[in-house]
Amino acid sequence: MRKKLVITSVLVSAPFLRKCSRSDPNLTQCIIANGNLAIPTLVKEGVPSLDIPVLSPLFIPELELPGSTFTVLLTNIRLEGLENFRLIKADFNLERKHQRYFFEIPLLNIVADYEIITSGVFARSIQGGGKLKLSLDQNSGVIDVDLDNYKKNGDLHFKYEGWELGWETQRILYNFSDLYTSDTVDFPEFLNKHKETVDYRIKPAVQKLLLRYIKLVLDNVIEKVPAKGIFDV
């Protein structure tokens, strides 16, 4: 006799999430408040059951900031400050596909080893390097994303599509130490001369990192936690 296969739905435990009522006239404010309550746990402790790693400090092996005449190579990167990510405003409506979230991060600190590599006709040459601390002050941004839904094992799930992130930082401060330089380059002068260029490259690189990890957190939560684990009917 053939056995009948029964598929059951498993609600992934997400104790850091507080539910909002879908009928709440202040649903957007509830989403913002509950999101901000959850962020410190998500970022500082991670959630293994949702495949969310610890994000502060966040360790990144390597980040290359390429250019036409020289490249900045960052290695052994440590990023701190994501636990202070705060939602400040949202345009959230379950009946409408497009969603928008406004956020701020008061301060991001990046500590890394770095090298400046110049490009020649036939080869690249390391001109100097050392230890670098970057402080990105007064950061703010907006996430634009489309919200859709689907059924999995009988449960309604949400999914995000079409991610876009706009991001600005008001000030970037540099602290260089343990400098070493080639014999042909006055490295401090080189850095001062090209500060605006380095600033220009740092911003989109950090923006790409932010989008990667914001997307990782939100995608993993809504993929593994059914709608009934996020909202009360």
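Biologist: Which residues lie nearest the centre of the largest cavity?
Modeller: Keep in mind that this is a predicted model. The largest cavity holds about 710 Å³ of space, and 34 residues line it. Elements giving two or more residues to that lining are α1, β5 (98-119), β6, β7 (155-181) and α3. Nearest the centre you'll find G35, L42, L87, V217 and L218.

Biologist: How many residues in the lining of the largest cavity are charged?
Modeller: Let's go through the lining by class. It has 29 nonpolar residues and three polar ones. That leaves the charged class, with two.

Biologist: And the second largest cavity, how many nonpolar residues are in its lining?
Modeller: That cavity has a volume of about 60 Å³. Among the residues lining it, V72, I116, L132, F176 and V198 are the closest to its centre. β3 (70-80), β5, β7 and α3 each supply at least two lining residues. There are no polar and no charged residues in this lining, and the nonpolar count is 10.

Biologist: Back to α1: how far apart are its end C-alpha atoms?
Modeller: Helix α1 covers residues 27-45, which makes 19 residues. At 1.5 Å a residue, it should span 27 Å, and the model agrees with that because the end C-alpha atoms are 27 Å apart.

Biologist: Where does α1 bend?
Modeller: There's a proline to look at here, P40. It follows within four residues of the bend, which is about 35°. The bend sits at A38.

Biologist: Which elements do the buried residues of α1 pack against?
Modeller: Start with who is buried: the list includes I31, I32, N34, G35, A38, I39 and L42. Residues three or four places apart in an α-helix point the same way, because there are 3.6 residues a turn. The packing partners of the buried set are β1 (20-21), β4 (86-91), α3 (195-224) and β8 (231-232).

Biologist: Which peptide bond is cis, with omega near 0°?
Modeller: Most peptide bonds are trans. For this one, look in the loop between α1 and β2 (58-65), where P57 is found. The cis bond runs from S56 to P57.

Biologist: Is Q138 buried, partly exposed or exposed?
Modeller: Q138 lies in strand β6 (residues 124-152), and its phi is near 60°, a positive value in a residue other than glycine. Exposed would take over 50% relative accessibility, and buried under 20%. Q138 has 49%, so it counts as partly exposed.

Definitions and conventions: Residues are numbered from 1 along each chain as its sequence is written. This is a predicted model: local features need pLDDT of at least 70, side-chain atom pairs count only at pLDDT 80 or more; totals for chains, interfaces and linings use all residues. Side-chain values use heavy atoms; hydrogens and water are left out. The expected span of a helix is 1.5 Å times one less than its number of residues. The bend at a residue is the angle between axes fitted to the seven residues ending there and the seven starting there. Buried means under 20% relative accessible area, exposed over 50%, partly exposed in between (1.4 Å probe, protein chains only). Contact means heavy atoms within 4.5 Å. On a 1 Å grid over the protein atoms alone, a cavity is a set of points where a 1.4 Å probe fits but cannot get out, and a pocket is an open set with protein on both sides within 12 Å along at least five of seven lines; lining residues have an atom within 4 Å of a point. Grid points are joined across faces, edges and corners, and a volume is the space filled by probe spheres set on the points. Ala, Val, Leu, Ile, Met, Phe, Trp, Tyr, Cys and Pro count as nonpolar, Asp, Glu, Lys and Arg as charged, and the others, Gly among them, as polar.
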